[in-house]
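Ready for some practice with a protein and its ligand? Take a look at what is shown below, then work through the exercises one step at a time.

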Amino acid sequence: MSTQTTSTKGAALITGAAQGIGKAIALRLAADGFNVAVNDLSSNSENLEKVAEEIRAVGVKALTVYADVSVEAEVEKMVGAVVEEFGALNVVVANAGIMMWKSIDDLTAEEWDRVMSINLRSVFLAYKYGGRAMIAKGIKGKLIAACSVAGKIGKGMLASYTASKFAIRGLTQSAAQEYGRHGITVNGYAPGVIETPMLTYMDARFGETVPGGKTGDFIKFAEAQSLLGGGNGEVADIAGLVSYLASTEAKFITGQTINVNGGTFFD
Ligand code: NAD
C-alpha cells in the first residue's frame with residue numbers, strides 16, 4: 001500500500017462504486033486529488049475493498065461505507081461516517097442504480113417500488129443528507145446524480161427504470177433551486193450505452209425477451225446507433241464529465257443533466 005497524503009480538494013462520496021461507472025468515477029476523483037469514500041452493498045464488498053485499495057495507491061485516502069442507498073437511516077449514517085473520517089464532504093455522486101428489463105404487464109408493483117427506491121429515493125436521500133452536511137460546514141459543494149438517456153426519452157421494457165430516471169432530472173432541477181443560495185451545484189449525468197455489468201444484464205434480457213434474439217444482439221444494435229462509429233461508451237467517458245462537474249471550473253453549471261451518449265439522442 002502506498003503512502004497516503006492529505007487531499008487538497010476535500011472529500012467525495014460515490015455510491016454504487018464497487019464496479020462499473022461508480023468505480024471509474026471514484027478512481028477519477030482520486031486522481032483529481034479528492035479523498036474518496038466509496039459505497040456499495042455489503043454483498044459487493046470484495047470488489048469495493050479492491051476499489052479502495054486502488055484509490056489508496058493513487059496517494060489519497062479511501063474509506064469504504066456499506067449502506068443500502070434506498071434506506072434513509074443508512075444514508076444518514078453513511079454521510080456521518082464520511083464527515084467524521086474526512087472532516088467534511090465536498091462532492092456526493094449518487095451513482096448507484098438498478099435496471100429491470102420487463103414489460104409493464106409483467107412488472108409487479110413490488111418490483112416497481114424497488115426500482116424507484118434504489119434509483120430515485122436514493123438520490124433524494126443523497127441530496128438531503130449530502131446537502132445538509134455541506135451547509136453545516138459552509139461548503140460550496142457539488143451534488144451529482146446518475147440519470148440516463150432513459151431519463152430523457154422513454155424506453156419500452158424499461159418502464160420503472162425510465163420513470164425513475166425522468167424523476168431524477170426533475171429532482172435535480174428542484175434541488176438546484178433550493179441549494180443554489182448555499183453555493184451548492186446540483187447536476188446529473190445521462191449516459192447512453194456504456195460497457196458495464198449493467199449492459200451485460202440488459203443485453204442478456206434483450207436476447208431472452210426479443211423473439212429470435214440472442215446474447216450480443218443488444219450490444220451490437222447499440223454500437224450501431226452511435227454517430228461516432230467507435231462502439232459503445234466506456235466508463236471513463238462518464239468519469240471525465242463527473243470530474244468536470246465536481247471541479248471549481250463547473251461553478252456556474254447547476255440544474256443540468258448532461259448527455260454522454262455518442263450522439264444517440266439530442267436535447
Ligand atoms: P452496475 O450495475 O454495473 O453498478 C451499479 C452498482 O450499484 C453495483 O456495484 C451495485 O452493487 C450497486 N448498488 C445496487 N443497489 C444498491 C443499493 N441499494 N445500495 C448501494 N449500492 C447499490 O451499473 P453501472 O452501469 O455502473 O451504472 C451506474 C449508474 O449509471 C446507474 O445509476 C445506472 O442506472 C446509470 N446508467 C448506466 C448506463 C450503462 O449503460 N451502463 C446507462 C445509463 C445510466
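**Exercise 1.** Sort the shell around the ligand by residue class.

*Solution.* Keep in mind that this is a predicted model. Begin with the total: 29 residues surround the ligand. Next, split them by class: 16 are nonpolar, 10 are polar and 3 are charged. Finally, pick out the closest ones, which are Ile-21, Asp-40, Asn-95, Tyr-161 and Thr-196.

**Exercise 2.** Find side chains that place a polar atom by an oxygen atom of the ligand, and work out how much of the ligand the protein buries.

*Solution.* Start with Asp-40, where a polar side-chain atom lies 2.6 Å from a ligand oxygen. Go on to Tyr-161, which also has a polar side-chain atom 2.6 Å from an oxygen atom of the ligand. Then add Lys-165, with a distance of 3.0 Å between a polar side-chain atom and a ligand oxygen. These pairs count as polar contacts because the cut-off is 3.5 Å. Now turn to area: the ligand taken alone exposes 830 Å², and the protein buries 93% of that. As a last step, name the elements that give two or more residues to the shell: helix H1 (20-31), strand E2 (35-40), helix H5 (159-179) and helix H6 (197-209).

**Exercise 3.** Describe the second largest pocket by volume and lining.

*Solution.* First, note the volume of about 320 Å³. Second, look at the 17 lining residues, of which Lys-140, Gly-141, Lys-142, Ser-247 and Thr-248 are the closest to the pocket's centre. Third, sort this lining by class, which gives 5 nonpolar, 8 polar and 4 charged residues.

Terms used
Residues numbered from 1 in each chain as written. Predicted model: local features only at pLDDT ≥ 70, side-chain atom pairs only at ≥ 80, totals over all residues. Heavy atoms only, no water. 1 Å grid on protein atoms, 1.4 Å probe; cavity = no way out; pocket = protein on both sides within 12 Å on 5 of 7 lines; lining within 4 Å. Points joined across faces, edges and corners; volume = space filled by probe spheres on them. Nonpolar A, V, L, I, M, F, W, Y, C, P; charged D, E, K, R; others polar. Near = heavy atom within 4 Å. Polar contact = N/O pair within 3.5 Å; in protein donor to acceptor, adjacent residues only side chain to side chain. Areas by Shrake-Rupley, 256 points an atom, 1.4 Å probe, with all protein chains shown as cover. Helix = DSSP H or I, 4+ residues; strand = E, 2+ residues; numbered from the N terminus.
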